Amino acid sequence: MQFPSPHERVLPHQIHLDKPPECQGLEEIEQLNRIQGSLLGLAVGDALGASVEFRSHQYLVAHPVQQMQSGGTWGLQAGKWTDDTSMALCLASSLLTQKTFDPYNQMVRYKWWYKHGYLSSTGHCFDIGSATRQALDEFCQRQKVVMKTLSLRTENDADQLSFTDVKNKIDKFDINCSKPGKAGNGALMRLAPVPLFFFRDPALAVNLSGESARLTHGDKKAVDACRYYGALIVAAVRGESHENLTDESFYAAHKDWFGDSGLDEEILRIAEGSFKTRDGYANGIRGKGYVVDALEAALWAFSKHKGSFKDGVLAAVNLGDDADTTAAIYGQLAGAYYGADHIPPEWLQRLYAKDLIIDIGKWLRYEGDSIVGKDRRHK
């Protein structure tokens, strides 16, 4: 199973993956439904919010989003998505092609998106957060050091290396290209492929969820937001109830998944139920770019609108501000909980590159089943 190279300039809807073996048994079918639901939920939330990204809550009170629609800052057609989904697909493509968690390859693929529009819905990078941009610029500089040290002729030669190659050949090479203080929501918005791939080993999934964030968002708040949300996605795929997922004791009940590193106090406050407020925006829930706000807003929508993916994702979008990302974060967990078959079919019908996203879900389930045991060494 191969993804095209960035130089082929193939758009996502033109990518056709081979099919993995079919699921065997009801448990695998349900797991697949939840895995595909998480990826589709991310993309649907992103596409729903794209037309009103940066709109205020007050504007959306008067003009609420109720369906897929065109327009917005980027002038996208209805159903097309932004950087949230592009980066998630880059992450998924790395996991599937490398058959392991390879942070160097992940950064290479994010760079391909940044420079060449790889896995973008429009063929170019049109929406990127400042922390992500800074981290990718830093990675490009570090890659030049790699090329010089290893006497590589082209950037493409450097792109073909693995993290193990670089780590073994260059002393003290640091793949994490961010720093403390970078606590935006840009790592949380793309997270889902990691817990979906590693859900069979919850402790590994939680650890690598944090490591996936650290590449571009170095603040502990961003890392721990991804660890906590990764744990929720794992639990959802494994069939835990809505009550368990939103319970104030979820973190304590799953403490063995988190190892010896405790959660940042602001993330812990959310885990202990700060998102459970009836009035949402009036009580301080905000769809902002700060990862703490974004996590709390997504969980508020998931908690308040129990039983309906549709109502929850629209509530997330209509908070306003960073609407597409709040909804994409919501969609990862809600999609994993409700499953793909509970996302409105009229939205899926309009979703750009839906078939590719569905096939990636199939491969994440299949490859994760055969690979996860090998990756215990990353713990």
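The legends below describe close-up views of a predicted model of one chain.

**Figure 1. Overall fold of the chain in the predicted model.**
The chain is built from 18 helices and has zero strands. Its radius of gyration is 19 Å, close to the 21 Å from the globule rule for 379 residues, so the chain is as compact as a globular protein of that length. Along the principal axes, the C-alpha atoms fill a box of roughly 60 × 45 × 45 Å. Of the contacts with a separation of 6 or more, 75% are between residues 24 or more positions apart.

**Figure 2. Burial, surface and charge of the chain.**
Of the 379 residues, 61% are buried. The chain exposes about 14800 Å², and carbon and sulfur atoms supply 45% of that area. There are 43 positive and 48 negative charges, and the mean positions of the two sets are 4 Å apart.

**Figure 3. Helix α3, residues 83–98.**
The 16 residues of α3 should span 22 Å at 1.5 Å a residue, and the end C-alpha atoms are 22 Å apart, which agrees. The helix is mostly covered, with 14 of its 16 residues buried. Lys99 comes just after α3 and takes a positive phi of about 55°.

**Figure 4. Ser86 and its contacts in helix α3.**
Ser86 has a relative accessible area of 1% and is buried, because buried means under 20%. Leaving aside neighbours within four places in sequence, Ser86 is in contact with Trp81, Trp113, Leu119, Ser120 and Ser121. One of these partners, Leu119, is located in the loop between α4 (103–116) and α5 (130–149).

**Figure 5. Two residues other than glycine with positive phi, Leu119 and Ser151.**
Phi of Leu119 is near 60°. Leu119 counts as buried, at 2% relative accessibility. For Ser151, phi is near 55°. Ser151 is placed in the loop between α5 and α6 (155–159). At 62% relative accessibility, Ser151 counts as exposed, whereas Leu119 counts as buried.

**Figure 6. Helix α14, residues 291–304.**
At 1.5 Å a residue, the 14 residues of α14 should span 20 Å, which agrees with the 20 Å between the end C-alpha atoms. Because 11 of its 14 residues are buried, α14 is largely enclosed by the rest of the structure. The buried residues are Val291, Val292, Ala294, Leu295, Glu296, Ala297, Ala298, Leu299, Trp300, Ala301 and Phe302. An α-helix has 3.6 residues a turn, so residues three or four places apart point the same way. The buried residues of α14 pack against α10 (220–237), α11 (242–245), α13 (265–274), α15 (309–317) and α16 (323–338).

**Figure 7. Asp293 in helix α14.**
Asp293 has a relative accessible area of 22% and is partly exposed, because the buried class ends at 20% and the exposed class requires over 50%. Apart from neighbours within four places in sequence, Asp293 is in contact with Arg286 and Lys288. Trp257 is 36 residues from Asp293 in sequence, and the C-alpha atoms of the two residues are 24 Å apart.

**Figure 8. Ala235 and its surroundings in helix α10.**
Ala235 is buried, with a relative accessible area of 0%. Its contacts, leaving aside neighbours within four places in sequence, are with Glu240, Leu245, Phe250 and Trp257. Pro195 is 40 residues from Ala235 along the chain, and a distance of 9.5 Å separates their C-alpha atoms. The helix that holds Ala235, α10, is among those that the buried residues of α14 pack against.

**Figure 9. His7 in the segment before α1 (26–50).**
His7 is exposed, with a relative accessible area of 53%. Leaving aside neighbours within four places in sequence, His7 is in contact with His116 and Asn156. Arg109 is 102 residues from His7 in sequence, and the C-alpha atoms of His7 and Arg109 are 12 Å apart.

Conventions:
Residues are numbered from 1 along each chain as its sequence is written. This is a predicted model: local features need pLDDT of at least 70, side-chain atom pairs count only at pLDDT 80 or more; totals for chains, interfaces and linings use all residues. Side-chain values use heavy atoms; hydrogens and water are left out. Helices (H or I, at least four residues) and strands (E, at least two) are DSSP runs, numbered from the N terminus. The radius of gyration is taken over C-alpha atoms; the globule rule is 2.2 Å times the number of residues to the power 0.38. Buried means under 20% relative accessible area, exposed over 50%, partly exposed in between (1.4 Å probe, protein chains only). Contact means heavy atoms within 4.5 Å. Accessible areas come from the Shrake-Rupley method with a 1.4 Å probe; for residues, only the protein chains shown count as cover. Lys and Arg count as positive and Asp and Glu as negative; His and the chain ends are not counted. The place of a charge is taken as NZ of Lys, CZ of Arg, CG of Asp or CD of Glu. The expected span of a helix is 1.5 Å times one less than its number of residues.
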